[in-house]
Amino acid sequence: MVDAAVLEKLESGFKKLEASDSKSLLKKYLTREVFDKLKNLKTPSFGSTLLDVIQSGLENHDSGVGIYAPDAEAYTVFADLFDPIIEDYHGGFKKTDKHPAKDWGDVDSLGNLDPAGEFIISTRVRCGRSLEGYPFNPCLTEGQYKEMEDKVSATLSGFSGELKGTYYPLTGMSKETQQKLIDDHFLFKEGDRFLQAANACRFWPTGRGIFHNENKTFLVWCNEEDHLRIISMQMGGDLGQVYRRLVSAVNDIEKRVPFSHNDRLGFLTFCPTNLGTTVRASVHIKVPKLAANKAKLEEVAGKFNLQVRGTRGEHTEAEGGVYDISNKRRMGLTEYEAVKEMNDGIAEIIKIEKEL
């Protein structure tokens, strides 16, 4: 049974949320009926409760989503809340749907979207992964954070060739190293208030770190929001090169550390917005003519399921007409299809920009 103090927190938090004008998906789908059905449940392996799932959204009424998974089993135990939120966020991925098996596709079929270098400033493809057998942030012990960091840094130190690089633990990091990583925009800071409220920042900076290769085109974040954030990026528009680098790295890591995966939802991570392929392929692109016609830009983006954000990500402005454009769909399609949507959409946007 869930203890009385937790139930009390749940009840008072639920009442406040109900009375608020929150636009979060949590508020939309956490009806009294669902709440009563789930409030006494716990996950079998780690004993996570509904409070672990919804505490961030209870505290931050301005959340967009408002829930996190404290461990992999939470997706099943609290499915009555997760499933409708996943369906809403991921554009109709229903609870009867099954995410397809991993498929990176023909990695050689993607090329350079902007060979003349007129439009695309940089290209990036990233994915999130969780290590099998470990819970997610709120349930991790200090010992587990350290153990995971040891596994990850040992795995990454085995890389050779283009991927060969250095792992920098946040614990005991020198000021010089820290400044260097900040200058390269590689360093992540302690979690924002949404993550703080989800209990995702305990024992900071223990077990956290950053790996990058010598060319600074390949990066792994260890235990920031997810166990692993694997990122491939470079200046210019050569999506093919960026994608191939990511695929070879992910496959290499997976041989040494098994990832947390679910037959229906694909790869599992801490946040339900980042399931399935967990792949986000994006470009920083300068399209001044389309920027002057934002409705047209949004229309093309919508046709290819792309998300248009400001230069520095969500809720920011486009600086000098530079947008961050990425694939929106991560579930119900393969890794290759997700990246191909971005590829085709960007090709179309460039074509229209040239014609204007």
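## A tour of the predicted model

The whole structure holds 20 salt bridges. The model is a predicted one, and the stops below start with some of those charged pairs.

**Stop 1: helix H3.** Select Arg32 and Asp36. Their side chains form a salt bridge, with N and O 2.9 Å apart. The two residues are about one helical turn from each other, because they sit 4 residues apart in helix H3 (residues 32-38). Arg32 is partly exposed, at a relative accessible area of 31%, and Asp36 is partly exposed too, at 35%. Now add Glu11, Lys15 and Lys39 to the selection: together with Arg32 and Asp36 they are linked in a network of salt bridges.

**Stop 2: Arg264 and Asp83.** Select this pair next. The side chains meet in a salt bridge of 2.8 Å, N to O. Arg264 is in the loop between strand S6 (261-262) and strand S7 (266-267), while Asp83 belongs to helix H6 (residues 79-89), so the bridge ties together parts 181 residues apart in sequence. Arg264 counts as partly exposed, at 21% relative accessibility. Asp83 is buried, with a relative accessible area of 11%.

**Stop 3: helix H10.** Select residues 239-256, which make up helix H10, and pick out Asp252 and Arg256. A salt bridge joins their side chains at 3.3 Å, N to O. The two are 4 residues apart, about one turn of the helix. Arg256 is partly exposed, at 40% relative accessibility.

**Stop 4: strand S4 and its partners.** Select residues 218-222, strand S4; 5 of its 5 residues are buried. In a regular strand, side chains alternate between the two faces of the sheet. Here Phe218, Val220 and Cys222 lie on one side and Leu219 and Trp221 on the other, and both faces are covered.

Add strand S3 (residues 209-213), which pairs with S4 in the antiparallel sense over 4 bridges. Ile210 stands opposite Trp221 of S4. S3 and S4 make a hairpin with 4 residues between them, and Lys216 in that turn has a positive phi of about 60°.

Then add strand S5 (residues 228-235), which is antiparallel to S4 and pairs with it over 5 bridges. Within S5, Ser232 is the bridge partner of Phe218. S4 and S5 also form a hairpin, with 5 residues between them; look in the turn for Asn223, which has a positive phi of about 60°.

**Stop 5: the cysteines.** Cys222, at the end of S4 (residues 218-222), leads to the next selection. How many disulfides are there? The count is 0. A disulfide would need two cysteine sulfur atoms within 2.5 Å. For Cys222, the closest cysteine sulfur is in Cys127, 14 Å away, too far for a bond. Cys222 is buried, at 1% relative accessibility. Cys139 has its closest cysteine sulfur in Cys201, also at 14 Å and too far for a bond. Cys139 counts as buried, at 18% relative accessibility.

**Stop 6: Ser56.** Finish in helix H4 (residues 50-59), where Ser56 is found. Is Ser56 buried or exposed? Ser56 counts as buried, because its relative accessibility is 1%. The Ser56 side chain reaches the backbone oxygen of Phe194 at 2.6 Å. To see its surroundings, show Ser63, Gly66, Tyr68, Phe194, Ala197 and Ala198, the residues in contact with Ser56 once its neighbours within four places in sequence are left aside.

Note on methods
Residues numbered from 1 in each chain as written. Predicted model: local features only at pLDDT ≥ 70, side-chain atom pairs only at ≥ 80, totals over all residues. Heavy atoms only, no water. Buried < 20%, exposed > 50% of the residue type's maximum accessible area, 1.4 Å probe, protein only. Polar contact = N/O pair within 3.5 Å; in protein donor to acceptor, adjacent residues only side chain to side chain. Contact = heavy atoms within 4.5 Å. Salt bridge = Lys/Arg side-chain N within 4 Å of Asp/Glu carboxyl O. Pairing = 2+ DSSP bridges.
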